[in-house]
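Let's take a walk through this protein together, starting with one helix and working outwards. Keep the structure open beside you as you read.

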Amino acid sequence: MSEQDALDPVTVVGLGAMGKALAAALLKAGHRTTVWNRSAAKADTLVADGAVRADSITEAVTASPVVIVCLLDYEVTRDVLATAADALSGRLVVNLSNGTPNQARETAVWAAGHGAEYLDGGIMAVPPMIGRPEALVLYSGSQPAFDHHQDMLGRLGDSRYLGTDAGLASLYDLALLSAMYGQAAGARHALALIATERADLPEFTSSLLIPWLTAMTIGLPALAEQNDAVREAEDPVSPESMQAVAIANIAEASTGQGVDGELLSHLLVPLRDLIGHRGTGHDLPGLIDLARKAAL
Ligand code: FVH
């Protein structure tokens, strides 16, 4: 790819915390960067740094062959783009707004109906990480578009292309976010428990919580490979019946320490109910299915 292709003009639609970071990274890399936001004042700093302010969404779209959209959600994305739909033909829309796989697929069809190529994306990073290699950005949709604009997309972070199904990036994004929110809920519950007796939460976090969570990722490959062979293992390292007791104790101790179980209710309540099946001669039937549902 020539240097000229790599430095194609680009438009960024949506200048919230993330959109601003995306535009700043592209601007810094040398792209002619046109920006648009509903609240125009959010463009001021970028414009002072050299970005071009578009006064309308149509002006923003027509300014560049690549239009990167980073808005609150797909409803807003479609509402905003609809007002410039006639200008989309021949351009690439890269939608980095959060949404569901079906919303991504529908938007891909909608964009194609207006003659635009479409890439959907999921940003696995927070704004200060944008432009650095640790900012992972997942893409799906048009492979020729991804290949052609790889250099530009690479300026936002580490780009990973998942496939032609536009819904894949969303699916992976939401899967990874669900793992993150699950871990965050567990960590908050842990901190709430410790806070009932000790105040030094930073020390607990750095010396015990982080090393513990890191060490326990060792169980993830087995979870991913969970199948009937694992289910029937005769000598499991961590039998479900043992785990069920620990989970019951977490619930009981939380109540005893005056900690609300709400954050972990999605995990503790169904498991507590399954514990009621003990003594049926089975090893907590349904527990693995529950984990499977959670993993899927
Ligand atoms: N910030 C983050 O940590 C995460 C990291 C992972 C990816 N997300 C997703 O990125 C999308 C945008 O997130 P954001 O952080 O930029 O969000 P906000 O700062 O809240 O900005 C929201 C933008 O959406 C515009 N907007 C909202 N409603 C409307 C509307 N009805 N019409 C037009 N624009 C609208 C808003 O405009 P304004 O309020 O400034 O006028 C902002 O441009 C998001 O999908 C995350 O999940 C970020």
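Which residues of α6 are buried? They are P101, A104, T107, A108, W110 and A111. Keep in mind as you click on them that this is a predicted model. An α-helix has 3.6 residues a turn, so residues three or four places apart point the same way. Now look at what these buried residues face: they pack against α5 (74-82), β6 (117-124) and α9. As for the helix itself, α6 covers residues 101-113, and its 13 residues should span 18 Å because each one adds 1.5 Å. The end C-alpha atoms are indeed 18 Å apart, so the expectation and the model agree. Just after α6 you'll come across G115, which takes a positive phi of about 80°.

Before going further, zoom out for a moment. The protein has 296 residues, and 37% of them count as buried. You can pick out 15 helices and eight strands. If you take the contacts with a separation of 6 or more, 64% of them are between residues 24 or more positions apart. On the outside, the protein exposes about 15,900 Å², with carbon and sulfur atoms supplying 57% of that area.

Back to α6, this time by way of its charged residue R105. Side chains of opposite charge can pair when their charged atoms come close. Here R105 forms a salt bridge with D165, and the closest N and O atoms are 2.9 Å apart. D165 sits in the loop between β8 (158-161) and α9, while R105 is in helix α6, so this pair ties together parts that are 60 residues apart in sequence. How covered are the two partners? R105 has a relative accessible area of 33%, so it is partly exposed, and D165 is partly exposed too, at 30%.

A search of the whole structure finds four salt bridges, so let's visit some others. R132 pairs with E134, with the closest N and O atoms 2.8 Å apart. R132 is partly exposed at 40% relative accessible area, and E134 falls in the partly exposed class at 41%. Then there's R160 with D158, whose side chains meet at 3.5 Å, N to O. R160 has 42% relative accessibility and counts as partly exposed, as does D158 with 30%.

Next, follow the chain into α9. This helix runs over residues 168-195, and its 28 residues should span 40 Å at 1.5 Å a residue; the end C-alpha atoms are 40 Å apart, so that checks out. Its buried residues are A169, S170, D173, L177, A185, A187 and H189.

H189 leads us on to another helix, since one of its contacts is S254. You'll find S254 in helix α13 (residues 240-257). Is S254 buried or exposed? Its relative accessibility is 2%, so S254 is buried. Apart from neighbours within four places in sequence, S254 is in contact with H189, L193 and V259. The C-alpha atom of S254 is also 9.8 Å from that of T196, although their positions lie 58 residues apart along the chain.

Two loop residues towards the start of the chain are worth a stop. H31 lies between α2 (17-29) and β2 (33-36), and its relative accessible area of 2% makes it buried. Its side chain reaches the backbone oxygen of D8 at 2.7 Å. N37 is in the loop between β2 and α3 (44-48), and it is buried as well, with a relative accessible area of 12%. What does the side chain of N37 reach? It reaches the backbone oxygen of S39 at 3.0 Å, and one of its polar atoms lies 2.7 Å from the backbone nitrogen of L15. Beyond neighbours within four places in sequence, N37 is in contact with G14, L15, G16 and K42.

Finally, come out to the surface. W212, M216 and I218 form a nonpolar patch there, with about 370 Å² of accessible area together. I218 is in the loop between α10 (201-216) and α11 (220-224). Its relative accessible area is 67%, and since exposed means over 50%, I218 counts as exposed.

Key:
Residues are numbered from 1 along each chain as its sequence is written. This is a predicted model: local features need pLDDT of at least 70, side-chain atom pairs count only at pLDDT 80 or more; totals for chains, interfaces and linings use all residues. Side-chain values use heavy atoms; hydrogens and water are left out. Helices (H or I, at least four residues) and strands (E, at least two) are DSSP runs, numbered from the N terminus. The expected span of a helix is 1.5 Å times one less than its number of residues. Buried means under 20% relative accessible area, exposed over 50%, partly exposed in between (1.4 Å probe, protein chains only). Patches are made of residues with over 30% relative accessible area and no salt bridge: like charges are joined within 9 Å, nonpolar side chains (Val, Leu, Ile, Met, Phe, Trp, Tyr) within 5 Å. Accessible areas come from the Shrake-Rupley method with a 1.4 Å probe; for residues, only the protein chains shown count as cover. Contact means heavy atoms within 4.5 Å. A polar contact is a pair of N or O atoms within 3.5 Å; within protein, one must be able to donate a hydrogen and the other to accept it, and residues adjacent in sequence count only if both atoms are side-chain atoms.
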